[in-house]
Amino acid sequence: MKLVIVESPAKAKTIEKFLGPDYRVEASYGHIRDLPSSAKEIPTAIRKKSWARLAVDTEDGFRPVYVVPQASKKRVQELRKILKNADEVILATDEDREGESISWHLLEVLEPDVPIRRIAFHEITRAAIQEALASPRDVNRPLVKAQEARRILDRLYGYSLSPVLWKKVRTKLSAGRVQSVALRLIVEREEERQRFRTSEYWDAKASLEWAEGAFTAALTRVGEKRVATGRHFDPVTGEPNATDDVVVLDETAARHIAASAAGILPWRVGSVDRKSTRQRPSPPFTTSTLQQAASNRLRMSPKKTMMVAQRLYEGIDLGGGEREGLITYMRTDSVTLSQKALSDAEAFIKATYGPEYHSEARVYKTKSKVAQEAHEGIRPSEISRTPEDVAPFLSKDELSLYRLIWSRTVACQMTDAQLDRTVVDMVVDIDGEPHVFRANGSILRFPGFLRVYGEQREDQILPQLEEGDAVGAQGTAAVLQGVEAEQHETRPPPRYTEASLVKKLEEEGIGRPSTYTPTISTIQDREYVQKRSGALVPTYVGMAVIRLLREHFGQYIDLRFTARMEDALDDIAAGQADSETFLDAFYNGEEGRLGLVRRIEESLPEIDFPTIPVGEDPETGQPIRVRIGKNYVFAERGQGDEADRATIPLDLLIDELTVEKAIELFEATSRADEPMGEDPETGLNVYAKVGPFGPYVQLGEAEEEKKPRRVSLPRGMSIDEVTLDYALKLLSLPREVGTDPDSGKPVTAGLGRYGPYVERARQYRSLKSVDDIFTVTLDEALALLAQKRGKTVLKVIGSHPESGAEIQLLDGRYGPYVTDGSVNASTPKGSDPLDTTVEQAVALLAEAAERKKTKKKSGRGRRKTAAAK
């Protein structure tokens, strides 16, 4: 028996169908060995070493100490047992650094005493597997050393800098070689937006009609000067850039020009510029360009893109009972295509669209030195397999992504699109100066690749005009319909989205295809960044972390420094550099430069707790800043014990925290100690306060062993709007609506984190408004509870550390629960589901999986007993 080992069960299932009965395919479930992830995993033999926490011998060659984690021990035992009956081992893991490393660790741990072969392939098809088996190779040691150096480098970086953040910002924070640079990009973009000053400018637009349609022309010149646009303003000062040939129009000037231009007819054609242009197709997808295109065209996050691509790569059942990979390996920097793919594309294009759509094979060159060790861009495994062919067998997301990959691959081998572009400048004299209105026209003469892969376009067709022609008046080639003055404002630079961040990281040479998605997930899981309408916004903690690292360890979050480290790792992968020398220079330093460990030792005593400036109080001149507390973030005005402090609500991000808002929080906090009245039933004071979760009302004072009753205000309501009567109504919640006559369970109405609701036995349904809480009847509540509803995603908690699957918090039939797609687990009663961390979710899922396993075993036992009887 020949034992084939791959990473995942899905990949194993697909490959097994291509091999005969002499083969057995098993999955390792990813890495079976790694550096210790916790103190309890550190081997006893090294626990007294100064470098034990790192599990990297910094005193002797930076040798790593690997362990088989608890989650992998059972799998290792199973593989060893299977290995006893094998006469050959074939390692078929992915051929990037991670895959090569998995193969090497399997050899180190299993220690097979039978022949070993390493095979690699870019697509999971029968032909590709057979070809790989016919040309095996050894494990690529330079590639393994490069991955090992990367892993050790990340351990040294994170385990050295993270404790600094624990001491000076907040516990349980982390620094990372790539994640901290990505966070810096997001924070500094937000700082650019804070410095930005909006500027107003005006221009004018003319509308004209001719026999075949309408077109517009924009005012571009007044006399010898160009009319200012957004790019002519300084983004920090808001003032126009110092240029002599630009005029900034205000409203008065623009309206005067528009009115005058409409009344002075005809205009004359000053110039006509016609040219034919070609538009070339883009190269095949790499990992980053696929993530960007999927985000822009399909609204699919990089994480989801990679999960769907993984399924397409590992194999889909196309109806015959045999699974087959539909795309090539999806973690790659390469844009080249194999000779077979080029030939297949040529044949398909000529047969489907005609010979005029293919002239010659297009060969694209990869910019990356190593190209993620893969040999091809991302393409369909069979180019003749159209999206329509596989549509019946794919989910909506799978089909959308496959269509995107198929279209880009076919388009990259098609001919250029051909366009005719025309620019017409029309001149009207106003107040003795020529004013130029410019119209741009374009016509798609031949679609070329745009027939398969292109954005929807609308051609603006212009009439046939020549220099000196009259336009605008009745009887001319184009008749003026009107001229409007238009107001514009400069806009701050856009925040990064997940797709644009990936693009920026790739442009700067930071990270590699396998790191983009986990990097973006990590900065969100650590709550350094939040997503708002698809954009990445830094939290106060994220901004504080970068302010500290930038001031004291700027080199280690510098874009060029990080890119140079990536290049060095590529050199190690190519066998052109020594990993030990590289790691020693980084950690201990080299001539003329301190290493990381010395830099931390020297800098730590002078590091102060970072603050985030907000501005100055206009009345007192006192600085207002943000500080990071142990559990929450607060605004501070003034110094020392006399300073005013106010908790900042979690949903109030930096772009909304103006000086005015901060002062409002200080005032609300100062009033919070003054009761708004008394509860006539209990005699306790009623307060209106602002906390980390927003404004709320409180009954009574906090005592050592008893928390006072608190209820959040409805969304959008401030404490200034709350009356005593309304506060008492909220504090009376939840309201008992009645009893369900069928189940005997009480039905209540209340106000929760997700808004107003009715509830019965942990089944929830939303109410339309807060007022409905106090008026909903039992019959209305039961009717709502009887309605079926879809699963609502309350929060994406993070990625499972072992499987990489996305963990979500869902609002289910019996209340909130967490899921990783295969196992579900209810959140504990009495806890706030939205506060569930990745660690807590993983523990809940592990317990649920164990219960499920135990239940299955007991079920099998009962069946066996019944059978015996």
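A polar contact here is a pair of N or O atoms within 3.5 Å, where one must be able to donate a hydrogen and the other to accept it. Keep that in mind for the stops below. One more thing before you start clicking: this is a predicted model.

**The whole chain**

Start zoomed out, with the cartoon on. The chain has 869 residues, and 49% of them are buried. You'll find 23 helices and 37 strands. Along its principal axes, the C-alpha trace spans about 100 × 85 × 75 Å. Of the contacts with a separation of 6 or more, 65% are between residues 24 or more positions apart.

**Stop 1: Arg118**

Select residues 116-118, which form strand E6, and pick out Arg118. Is Arg118 buried or exposed? Its relative accessible area is 1%, so Arg118 is buried. Now look at what its side chain reaches. A polar atom there lies 2.9 Å from the backbone oxygen of Thr93, which is inside the 3.5 Å limit for a polar contact. The backbone oxygen of Asp94 also lies 2.9 Å from a polar atom of the Arg118 side chain. Show the surroundings and you'll see that Arg118 touches plenty of residues from elsewhere in the sequence, including Leu91, Gly99, Ser103, Pro136 and Val139.

**Stop 2: Ala55 and Asp57**

Jump back along the chain to Ala55, in the loop between strand E2 (23-27) and E3. Check its backbone: phi is positive, about 60°, although Ala55 is not a glycine. Most residues other than glycine have a negative phi. Ala55 counts as buried because its relative accessibility is 0%.

Now move on to Asp57, in strand E3 (residues 56-57). Asp57 is buried too, with a relative accessible area of 8%. Which backbone nitrogen lies 3.0 Å from a polar atom of the Asp57 side chain? It's the one in Glu59. Leaving aside residues up to four places away in sequence, Asp57 touches Trp51, Phe62 and Arg63.

**Stop 3: two crossing helices**

Select helix H9 (residues 302-314) and helix H14 (residues 513-525) together. Their axes come within 9 Å and cross at roughly 140°, which means H9 is oblique to H14. The crossing is left-handed. To see the contact itself, show side chains for Pro302, Lys303 and Met306 on H9, then Thr517, Ile520 and Ser521 on H14. What kinds of residues make up this contact? There are three nonpolar, two polar and one charged.

**Stop 4: two cis peptide bonds**

Most peptide bonds are trans. Go to Leu265 and Pro266, though, and the bond from one to the other is cis, with omega near 0°. Pro266 is found in the loop between helix H7 (251-263) and strand E11 (267-279).

Next, select Leu733 and Pro734. A cis peptide bond joins this pair, with omega about 0°. Pro734 lies in the loop between helix H20 (724-731) and strand E30 (735-739).

**Last stop: Ser533**

Finish at Ser533, in the loop between strand E18 (529-532) and strand E19 (535-538). Phi of Ser533 is near 50°, a positive value in a residue other than glycine. Is Ser533 buried or exposed? Its relative accessibility is 85%, so Ser533 counts as exposed. Flip back to Ala55 if you like: that residue also has a positive phi, but Ala55 is buried.

Note on methods:
Residues numbered from 1 in each chain as written. Predicted model: local features only at pLDDT ≥ 70, side-chain atom pairs only at ≥ 80, totals over all residues. Heavy atoms only, no water. Helix = DSSP H or I, 4+ residues; strand = E, 2+ residues; numbered from the N terminus. Buried < 20%, exposed > 50% of the residue type's maximum accessible area, 1.4 Å probe, protein only. Contact = heavy atoms within 4.5 Å. Axes fitted to C-alpha atoms, helices over the stretch in contact; angles between N-to-C directions. Parallel < 35°, antiparallel > 145°, perpendicular 65-115°, else oblique. Left-handed = near helix turned anticlockwise from the far one by under 90°. Nonpolar A, V, L, I, M, F, W, Y, C, P; charged D, E, K, R; others polar.
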